[in-house]
Amino acid sequence: MPHARASDGTRLFYSIEGSGPPLLLIAGQSNSSKWWRQVRPDFARRFTTIVTDHRGTGSSDKPETPYSTRLFAADCVAILDDAGIGSAHVYGTSMGGRIAQWIAASHGDRVERLVLGCTSPGGPHAIERSAEVRRSLAQIDPMKARRALEALMYTPAYKGPFNTLGDPDMPPYARKLHLFASAEHDAWDVLPSITAPTLVVHGTEDIFNPTANAPLITERIPGARMHLIEGARHGYFEEFRSEATPLVMDFLSR
């Protein structure tokens, strides 16, 4: 199993599957590469997919040092370097979309096309989740908190698999570091510098990361286009795979 080395020496796990143009898939907060388990095979039929375990998750190192979305972006670039990939399409969802914003803004020559899914620009301009949603996730009973997360990610009609509910083997300190990194994200000022063709995707029923963030990002990135998936919640790319995956593949193949 290949590992890249970050600038601080952290070992970063990644894997490569498929053939065709390279496509970097970036997972959400407190999740490993398993986030993409259900949809990756679809992309791997037309793209060389690269998935990673963020520092603090999966088979990557878990240093107890400050994390940030900019640091995660640098980790992704280190992985591309280790794999010998000069540039790639980049598709990030949730916190992965926040990371992807930094890759596109700070390493524009490495990004061919950019897809930002169910994500936010962060900072004071972002639309935050409600206090009610925050309370539902902060319940002391872990099973109640899990059910609340499932309801935010998926509609009642969805029966699984549930690949987006967090890495169960993460140490508690790493969870807190991931939470802080996502909460402190603010790429508002750099979004206009993104030059890669960009698609913004969001579910219309997403209250975990409110849908109103999608037009904010779209208007901020020059030439970006937006697609809202009707009835979808935060895990649109998994539950609404039959709509979302062809949409993204068509955009990446242009």
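Trainee: In which loop does Pro 161 lie?

Mentor: In this predicted model, Pro 161 belongs to the loop between helix H5 (142-153) and H6.

Trainee: What makes the peptide bond from Gly 160 to Pro 161 notable, cis or trans?

Mentor: Omega is near 5° for the bond from Gly 160 to Pro 161, and this bond is cis. Most peptide bonds are trans.

Trainee: Where does Pro 172 lie, and why is it called buried or exposed?

Mentor: Pro 172 is found in helix H6, which covers residues 172-183. Its relative accessible area is 64%, and the cut-off for exposed is over 50%; therefore Pro 172 is called exposed.

Trainee: How far apart are Pro 172 and Gly 56, in sequence and in space?

Mentor: The two are separated by 116 residues in sequence, while their C-alpha atoms are 9.8 Å apart in space.

Trainee: Why is His 178 called buried or exposed?

Mentor: His 178, also in helix H6, has a relative accessible area of 0%. Buried means under 20%, so His 178 is classed as buried.

Trainee: Which residues does His 178 touch, not counting those up to four places away in sequence?

Mentor: Among them are Gln 29, Ser 30, His 54, Arg 55 and Gly 56. The list also includes Thr 57, Tyr 67, Phe 72, Met 95 and Met 170.

Trainee: How do you know whether the cysteines form disulfides, and what is the count?

Mentor: A disulfide is a covalent bond between the sulfur atoms of two cysteines. The sulfur of Cys 76 has its closest cysteine sulfur in Cys 118, 16 Å away. The cut-off is 2.5 Å, so that separation is too far for a bond. Seen from Cys 118, the closest cysteine sulfur is that of Cys 76, again at 16 Å. The count of disulfides is zero.

Trainee: Why are Cys 76 and Cys 118 called buried or exposed?

Mentor: Cys 76 has 2% relative accessibility and Cys 118 has 0%. The cut-off for buried is under 20%; therefore Cys 76 counts as buried, and Cys 118 is buried too.

Trainee: What is the sign of phi in Cys 118 and in Ser 94, positive or negative?

Mentor: Most residues other than glycine have a negative phi. Cys 118, not a glycine, has a positive phi of about 40°, and Ser 94, not a glycine either, has a positive phi of about 60°. Cys 118 is placed in the loop between strand E6 (111-117) and helix H4 (131-137), whereas Ser 94 is in the loop between strand E5 (88-93) and helix H3 (95-106). At 12% relative accessible area, Ser 94 is buried, since the cut-off is under 20%.

Trainee: What makes up the secondary structure of the chain, and how do you know how compact it is?

Mentor: The chain has nine helices and eight strands. Its radius of gyration is 17 Å, and the globule rule gives 18 Å for 254 residues; the values are close, so the chain is as compact as a globular protein of that length. Its C-alpha trace spans about 45 × 40 × 35 Å along the principal axes.

Trainee: What percentage of the 254 residues in the chain is buried?

Mentor: Buried residues account for 54% of them.

Methods. Residues numbered from 1 in each chain as written. Predicted model: local features only at pLDDT ≥ 70, side-chain atom pairs only at ≥ 80, totals over all residues. Heavy atoms only, no water. Helix = DSSP H or I, 4+ residues; strand = E, 2+ residues; numbered from the N terminus. Rg over C-alpha atoms; globule rule 2.2 N^0.38 Å. Buried < 20%, exposed > 50% of the residue type's maximum accessible area, 1.4 Å probe, protein only. Contact = heavy atoms within 4.5 Å.
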